[in-house]
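Biologist: I've got this model open and I'd like to know how you back up the words you use for it. Can we go through a few of them?

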Amino acid sequence: MHNPALVECGIDAQYVRVQVPQGSVAEAFGLFAQHGFLGVNITIPHKFEALEAVHHLDPLAKQLGAVNTLVIREGGRLHGYNTDGPGFLRSVREAFGTDVRDLRVLILGAGGGAGRAVAVQCAMEGCWRLVLANRTHEKAAQVAKELRGLIPQPSPNRDISTVAWDDAHLHAELENIDLIVNATSVGMKMDDAPLLPASGLRPHHLVLDMVYRPGGRTPLVQDTLRAGGRAVDGLTLLLHQGAISFEHWFDRPAPVEVMRQGLQATVAA
Ligand SMILES: NC(=O)c1ccc[n+]([C@@H]2O[C@H](COP(=O)([O-])OP(=O)(O)OC[C@H]3O[C@@H](n4cnc5c(N)ncnc54)[C@H](OP(=O)(O)O)[C@@H]3O)[C@@H](O)[C@H]2O)c1
């Protein structure tokens, strides 16, 4: 998606993939700066190491505890950002025409890196209700404890709770949820066990599945659409994260539609 965007904007640059061994992120960033790189996207497993390797850390990246976008400014100054949370907000707005602050949100996989980022963003937005679930329950409980202080006040109707990772509890919880976010890795394979009891899905449900599968819908997206709800997969989030990275690098609006076409063409191929 980035190379079509660079062409569209007449920017004489290329987006390339570089593999960096663990433990070498700071050294790699130094080399990128020396060799004229403008910026970098950082992915698993380097997002935490990158946090320590920048000169200036954006407050949101600090809050999220991870850096996924680097901007190399004049003199080789390294600025670190995180586009996971803001990309999530844009995705919800685009897909469902609403803001998370008006929604009751359930995050499945809130104890993982992506789930925690989404939970932080929801807490900071003061979403109407926030419920965290994680296969390893203690992780969800820990995240809920950490995030309570982030809820903007006064807001008497807002809280962060957790729900046990079993069909009965999740089924009961779904009655009082508008937006379901899958931040687990479940669904990448069609034969993955269902994340949620399909009988609990209702026409009012909105689903953002962070997972995407080349060539098809994820099982959760399929189940939600079958139940009459609305659902998008992780490509929407990938697109908006990418667009926000582009905006950090070039300080101009990203050509989102060109990026969307680039992404779709790559996935289709
Ligand atoms: N679309 C995008 O732009 C985008 C961006 C970021 C991430 N993602 C996707 O989000 C997913 C999570 O990424 P991450 O970086 O957060 O990974 P992570 O830190 O490794 O977290 C993985 C999460 O999945 C849960 N999990 C794994 N297997 C499970 C299973 N069989 N049943 C239930 N829960 C299970 C883990 O629970 P435990 O804590 O119990 O192990 C944990 O909550 C990945 O699929 C990734 O591709 C997409």
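Biologist: Which exposed residues does the face of H8 turned away from its buried side carry?

Modeller: Ala-168 and Ala-172. Bear in mind that this is a predicted model.

Biologist: And which residues of H8 are buried?

Modeller: H8 runs over residues 167-174, and its buried residues are Leu-170, Glu-173 and Leu-174. To be called buried, a residue needs 20 or more other C-beta atoms within 10 Å of its own.

Biologist: What puts those three on the same side of H8?

Modeller: The arc they cover around the axis is only 100°, so they sit on the same side of H8. It fits the usual helix geometry: with 3.6 residues a turn, residues three or four places apart point the same way. As for what covers the buried residues of H8, that includes strand S5 (104-108) and strand S6 (129-133).

Biologist: Why does Val-16 count as exposed?

Modeller: The cut-off for exposed is 12 or fewer C-beta neighbours within 10 Å. Val-16 has 8, so it counts as exposed. You'll find Val-16 in the loop between helix H1 (2-8) and helix H2 (25-34). Its C-alpha atom is 9.3 Å from that of Val-40, which is 24 residues away along the chain.

Biologist: Which residues have the most contacts inside the largest nonpolar core?

Modeller: Ile-107, Ala-119 and Leu-132, in a core of 75 residues.

Biologist: Why does this core lie between domain 1 and domain 2?

Modeller: Because both give residues to it: domain 1 (2-82 + 242-268) and domain 2 (85-232). Take Ile-107: setting aside neighbours within four places in sequence, its contacts include Leu-132, Ala-133, Val-181 and Ala-183.

Biologist: What makes the protein as compact as a globular protein of its length?

Modeller: Set the two values side by side. The radius of gyration is 19 Å and the globule rule gives 18 Å for 269 residues; those are close, so the protein is as compact as a globular protein of that length. The C-alpha trace spans about 55 × 40 × 35 Å along its principal axes, and 43% of the residues count as buried. There are 11 helices and 10 strands in the protein.

Biologist: Last one: which residues come nearest to the ligand?

Modeller: Of the 23 residues around the ligand, those are Gly-112, Ala-114, Arg-135, Thr-184 and Gly-234. Helix H6 (113-125) and helix H10 (234-250) are the elements that give two or more residues to the shell. H10 has the largest share, with four residues.

Conventions
Residues are numbered from 1 along each chain as its sequence is written. This is a predicted model: local features need pLDDT of at least 70, side-chain atom pairs count only at pLDDT 80 or more; totals for chains, interfaces and linings use all residues. A nonpolar core is a set of buried Ala, Val, Leu, Ile, Met, Phe, Trp, Tyr and Cys residues joined through C-beta atoms within 7 Å. Domain bounds come from an automatic or database domain assignment. Two residues are in contact if their C-beta atoms, placed from the backbone, lie within 7 Å. The radius of gyration is taken over C-alpha atoms; the globule rule is 2.2 Å times the number of residues to the power 0.38. The arc is that of the directions from the helix axis to the C-beta atoms. A residue is near a molecule or strand if its C-beta atom, placed from the backbone, lies within 6 Å of it.
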